[in-house]
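Let's look at this protein together, one small puzzle at a time. Keep the picture beside you and try each question before you read the answer.

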Amino acid sequence: MTASLRDLSSRTLGAAVVIAAVAAVDDRTSLMRRSRRCHLTTLRFMIAERPDSGWVSVRAGKAELVVPADIEPPSGGWKVLVKELPTAWRRLALPELPGAGSGAEGTAEAGPGSAVRPQCPQQKGKPYIFYRQVNFVDTKPTGLRMSACLAAMDDCRTDLFSICDQTVQSFRKVTDPFVQVAIELRPAIRQLGRSATPDGLLYTHQDSKGVVLSWLRLEAQFGWPAFPLRNEEQTLFLVGKQQDSQQRVPLATARFAECLVDDSQQPASALSGAGWEQDAEKFFARVKSDHSTEELAERHLHKLYRESNKPFAPTQFKQVSWLMSHSFGDLWSLLYHAKTPELLWDVNMLAGGSFAALVKGEPDPQAMVVNLPKKMEVGTVYDVFCFLDEEAKKACYVLCPSGQASPSDCVLAVVAGYSWSALPADGRSLTSEDIQLVDSVPRRSLLAFASGSETPKASKVLDLSRLQR
């Protein structure tokens, strides 16, 4: 038996051979075929990749871990089965046992009524964790798209609903549109560009550092300023080619302000009343108890950012028209917020001159604030009013349906910073003034200038005195 096992292992070089027992039998003249009683005594794991195989103990103290059992041999005799395991077999997780999934690494338990478990175990009092692998659609010549970062965060947010209470039937008609989005990319993200990581087709080589097939780790926390609002902060880390790596390179941080809306109403309206509030408490109970922080329970997002005491003072103004094609739409044919950086690229190229220079070499902004007061629909033409501070490489864009330019017509307002020089390692370039610039009052001033009706007075957020009509 021993000799035959050695022969077997030599024939399966590079494979993991699992031998399922050395047997002691009543009739020693027929080891495998004629045995009536087989005593399972030990297991041996022979790994051809490693010369140092070993024995598995069958006892723990006085307890027998493997006990004799009567096994009727098959008519054709016993067979030793051989199977090649995946190269990364050491990282394969065992199937979760019923009722298991909790412990030091957290729990992967689904919420009430949920048919889907969270992607990975979650720990109470820690950020919500999600992993996403980078594919070609997420890339650009300089590395990872800003839109891919926002999409990964959206995937994390969607996975979060697996721990929410899906028995709250009223939430079948509830949506949670964004009120504001603020994202900052860190300098480390520029190390993922094509020129910095020449992997060719060796995407999964142990020395490859390219972004394709690398893993991203998302960590999300939530805050609850006042019903029906919800705040959120996510940080995106580069993990590397192996999902279980301990590498954590921060690439981006974003904050979101969302509002719970009854989408069955025409027009849709924010949830209000004790009944809706009670349903929201039940639906988000686990998110609130396990993955929330008081630091994000701030009603005004701008208060989470430092003040610069410098208003936005543009030196260039341009108006263009932009058609929202289907590639910018989501399931409801509305603007998918993660596509905003690509929208800005289109607009900058249409505006030309100093605006087009912003996206030369690097198509994405380093930081961006988005305000979405109304829905944007596929197939609609929008007038875009573009303002640029050339020295700071910071621009502001206000969008309204074509031919409409009153403050109540605004569907989108964006502030984008395109400067990567002298950027701190944490990427924190946005200021409180940037967040406030896309609010209703500054938007009104920008549209007033664009319509030619007046030049508004300077404020701590906006100064239009340097613009020439």
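Q: Between which two strands is the loop where P267 lies?
A: Helices (H or I, at least four residues) and strands (E, at least two) are DSSP runs, numbered from the N terminus. This is a predicted model, in which local features need pLDDT of at least 70 and side-chain atom pairs count only at pLDDT 80 or more, while totals for chains, interfaces and linings use all residues. Residues are numbered from 1 along each chain as its sequence is written, and side-chain values use heavy atoms, leaving out hydrogens and water. With that settled, you can find P267 in the loop between β16 and β17 (269–270).

Q: What is omega for the peptide bond that joins Q266 and P267?
A: Most peptide bonds are trans. The bond from Q266 to P267 is cis instead. Its omega is about 0°.

Q: Which residue comes before P228 in a cis peptide bond?
A: P228 lies in the loop between β13 (215–223) and β14. The peptide bond leading to P228 is cis, with omega near 10°. The residue on the other side of that bond is F227.

Q: What is the phi of S333, a residue other than glycine?
A: Most residues other than glycine have a negative phi. S333, in the loop between β18 (316–323) and α5, has a positive value. Its phi is near 60°.

Q: How many residues of helix α5 are there from 340 to 351?
A: The expected span of a helix is 1.5 Å times one less than its number of residues. For α5, the reach from first C-alpha to last is 16 Å, close to the 16 Å expected. The number of residues in α5 is twelve.

Q: Which residue follows α5, with a positive phi near 70°?
A: Several residues of α5 are buried, among them L343, L344 and V347. (Buried means under 20% relative accessible area, exposed over 50%, and partly exposed in between, with a 1.4 Å probe and protein chains only.) After α5 comes a residue with a positive phi near 70°, and that residue is G352.

Q: Which residue pairs with R145 in a salt bridge?
A: A salt bridge is a side-chain nitrogen of Lys or Arg within 4 Å of a carboxyl oxygen of Asp or Glu. R145 is in the loop between β10 (143–144) and α2, and its partner is in helix α5, so the pair ties together parts that are 197 residues apart in sequence. R145 is partly exposed at 27% relative accessibility. At 3.0 Å, N to O, its partner is E342.

Q: Which residues does S147 touch, not counting residues up to four places away in sequence?
A: S147 belongs to helix α2 (residues 146–160) and is buried, with a relative accessible area of 9%. A contact means heavy atoms within 4.5 Å. By that rule, S147 touches A338, P341 and E342.

Q: In the salt bridge of D290 with K124, how far apart are the closest N and O atoms?
A: D290 is in helix α4 (residues 285–290) and K124 in the loop between β7 (63–64) and β8 (128–133), 166 residues apart. D290 is buried at 13% relative accessible area, whereas K124 is exposed at 59%. Their closest N and O atoms are apart by 3.1 Å.

Q: Which side chain of opposite charge is nearest to D262, which has no salt bridge?
A: Lys and Arg count as positive and Asp and Glu as negative, while His and the chain ends are not counted. D262, in strand β16 (residues 261–262), is buried, and its nearest oppositely charged side chain is 4.8 Å away. That side chain belongs to K173.

Q: Why is C156 in no bond with C120?
A: A disulfide is a covalent bond between the sulfur atoms of two cysteines. Here a disulfide is counted when two cysteine sulfur atoms are within 2.5 Å, and the count comes to zero. C156 is buried, with a relative accessible area of 1%. The sulfur of C120 is the closest to that of C156, but it is too far for a bond, at 8.5 Å.
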